[in-house]
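Work through the exercises below with the model open. Try each task before you read its solution.

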Amino acid sequence: MFALSTKNQWLAGGILLLVMLVTRAHVSDHLLDASWAVFFLAGFYLRNLLAFGVFMAMAVAIDYVATSQLGVSNFCVSQAYIALVPAYGAMFAAGRWFTGQYHGENWVSLSKLMLAVLVGFALTEIISNGSFYAFSGTFTDISVNGFVAQVVKYAPHGLYVTSMYLTVAALLHIAIKQVTGVKTTV
């Protein structure tokens, strides 16, 4: 099991909040939203469950400012928005689960990381998009086939973006462990 010191948890949490702020607020059109990866990493690195609430509150605050002050479209903000809590909770829980499975850089840990990411992503995708299609009021005649078609259309890109950010995070994690000599706590 991997565990950071309290000081390093604060540092990791601050960096993750900054990444979410920069990518979610659409400060740059060139940076894709890292929120799903951020929630996974918060679950992995941060031991206090209150962290989920802090990250959720930050996501809501960013969305509010982006849509009310920065001209970002509010298309996705609807009565279905509340479903982001369990959706992001799924990514956070997947990261938390992986913390107990991680035992250093090896093939077993890598396979468990991939499992955690895929399950967390699938749950997040189904909850967030399913609630949007069912409750946003945007789609009046949504069918199961129509929903599945939309998931098949958009999920690969979402998985790509999430995986890209998590790959960068994994490489940084390995590099920092190598430089600092931090050992995995078992």
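**Exercise 1. Surface.** State how much area the chain exposes and what share carbon and sulfur atoms supply.

Solution. The chain exposes about 10600 Å². Carbon and sulfur atoms supply 72% of that area. The areas come from the Shrake-Rupley method with a 1.4 Å probe; for residues, only the protein chains shown count as cover.

A note on the basis: this is a predicted model, where local features need pLDDT of at least 70, side-chain atom pairs count only at pLDDT 80 or more, and totals for chains, interfaces and linings use all residues. Residues are numbered from 1 along each chain as its sequence is written, and side-chain values use heavy atoms, with hydrogens and water left out.

**Exercise 2. Fold.** Find how many helices and strands the chain has.

Solution. Take helices (H or I, at least four residues) and strands (E, at least two) as DSSP runs, numbered from the N terminus. The chain has six helices and zero strands. The order from the N terminus is α-α-α-α-α-α.

**Exercise 3. Ser 128.** Locate Ser 128 and decide: buried or exposed?

Solution. Start with the element: Ser 128 sits in helix 5, residues 107–135. Next, apply the cut-offs: buried is under 20% relative accessible area, exposed over 50%, partly exposed in between (1.4 Å probe, protein chains only). Ser 128 has 10%, so Ser 128 is buried. Last, list contacts (heavy atoms within 4.5 Å). Neighbours within four places in sequence aside, Ser 128 touches Trp 36, Leu 84 and Ala 87. Across the chain, buried residues make up 38% of the 186 residues.
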